[in-house]
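Please look through the sequence and the model shown here before reading on. The explanation moves from the whole chain to its interior, and then to two individual residues.

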Amino acid sequence: MKGRSMLVVKTGVLPIECVVRGYLSGSGWEEYKKTGKVCGIALPKGYVESSKLEEPIFTPSTKAEIGLHDENITFEKVEEIVGKDLAKD
């Protein structure tokens with residue numbers, strides 16, 4: 001990398017995972033079967049496991065401690081955790 005430079009900025013960790021789903025599987029499928037929603041987003045009836053969604057959806061989750069499972073959360077919960085300004089970015 002002769003003649004090149006790199007800017008490095010130390011940042012903090014956000015306790016959420018940002019997931020965009022194009023298909024209904026995993027924890028999203030489990031939640032949909034129970035409620036018809038994924039992370040508070042209502043979806044049409046009739047989907048089956050691994051169905052392709054009409055449009056990709058943002059489905060955030062908490063970042064669990066090692067050995068525990070992440071938990072799907074709503075966008076409003078993301079705002080509570082990281083603040084509205086950071087969430088909208």
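The paragraphs below take up the overall fold, the nonpolar cores and two chosen positions in turn.

This is a predicted model, and the protein in it has three helices and six strands. Followed along the sequence, these elements come in the pattern β-β-α-β-β-β-β-α-α. The radius of gyration is 17 Å, whereas the globule rule gives 12 Å for 89 residues, a value that the protein well exceeds, and therefore the protein is more spread out than a compact globule. Taken along the principal axes, the box that the C-alpha atoms fill is roughly 55 × 30 × 30 Å.

The surface and the contacts add to this picture. Of the 89 residues, 24% are buried, and the protein exposes about 7,100 Å², of which carbon and sulfur atoms supply 54%. Among contacts with a separation of 6 or more, 50% are accounted for by residues 24 or more positions apart. As for charge, the protein carries 13 positive and 14 negative charges, and the mean positions of these two sets are 6 Å apart.

What makes up the largest nonpolar core? Nine residues form it, namely Leu24, Trp29, Tyr32, Val38, Cys39, Leu43, Tyr47, Leu53 and Ile57. Helix 1 (26–35) and strand 5 (51–58) each supply at least two residues of this core. Within it, Leu43 is a useful residue to follow: with residues up to four places away in sequence not counted, Leu43 touches Leu24, Tyr32, Gly36, Val38, Leu53 and Ile57. Apart from this core lies another, of five residues, among them Ile16, Ile73, Val82 and Ala87.

Two single positions may now be examined in detail. Ser51 has its place in strand 5, and is it buried or exposed? Its relative accessible area is 12%, so Ser51 is buried, the cut-off for that class being under 20%. Once its neighbours within four places in sequence are left aside, Ser51 is in contact with Gly22, Tyr23 and Leu24, and Leu24 is itself one of the residues of the largest nonpolar core.

Thr74, by comparison, lies in the loop between strand 6 (61–62) and helix 2 (75–82). Its relative accessibility is 28%, and Thr74 therefore counts as partly exposed. Although Thr74 and Thr59 are 15 residues apart in sequence, their C-alpha atoms are 7.3 Å apart in space. Leaving aside neighbours within four places in sequence, Thr74 is in contact with Cys39, Gly40 and Pro60, and of these Cys39 is listed in the largest nonpolar core.

Notes. Residues numbered from 1 in each chain as written. Predicted model: local features only at pLDDT ≥ 70, side-chain atom pairs only at ≥ 80, totals over all residues. Heavy atoms only, no water. Helix = DSSP H or I, 4+ residues; strand = E, 2+ residues; numbered from the N terminus. Rg over C-alpha atoms; globule rule 2.2 N^0.38 Å. Buried < 20%, exposed > 50% of the residue type's maximum accessible area, 1.4 Å probe, protein only. Contact = heavy atoms within 4.5 Å. Areas by Shrake-Rupley, 256 points an atom, 1.4 Å probe, with all protein chains shown as cover. Lys, Arg positive; Asp, Glu negative; His and termini not counted. Charge placed at Lys NZ, Arg CZ, Asp CG, Glu CD. Core = buried A, V, L, I, M, F, W, Y, C linked by side-chain atoms within 4.5 Å.
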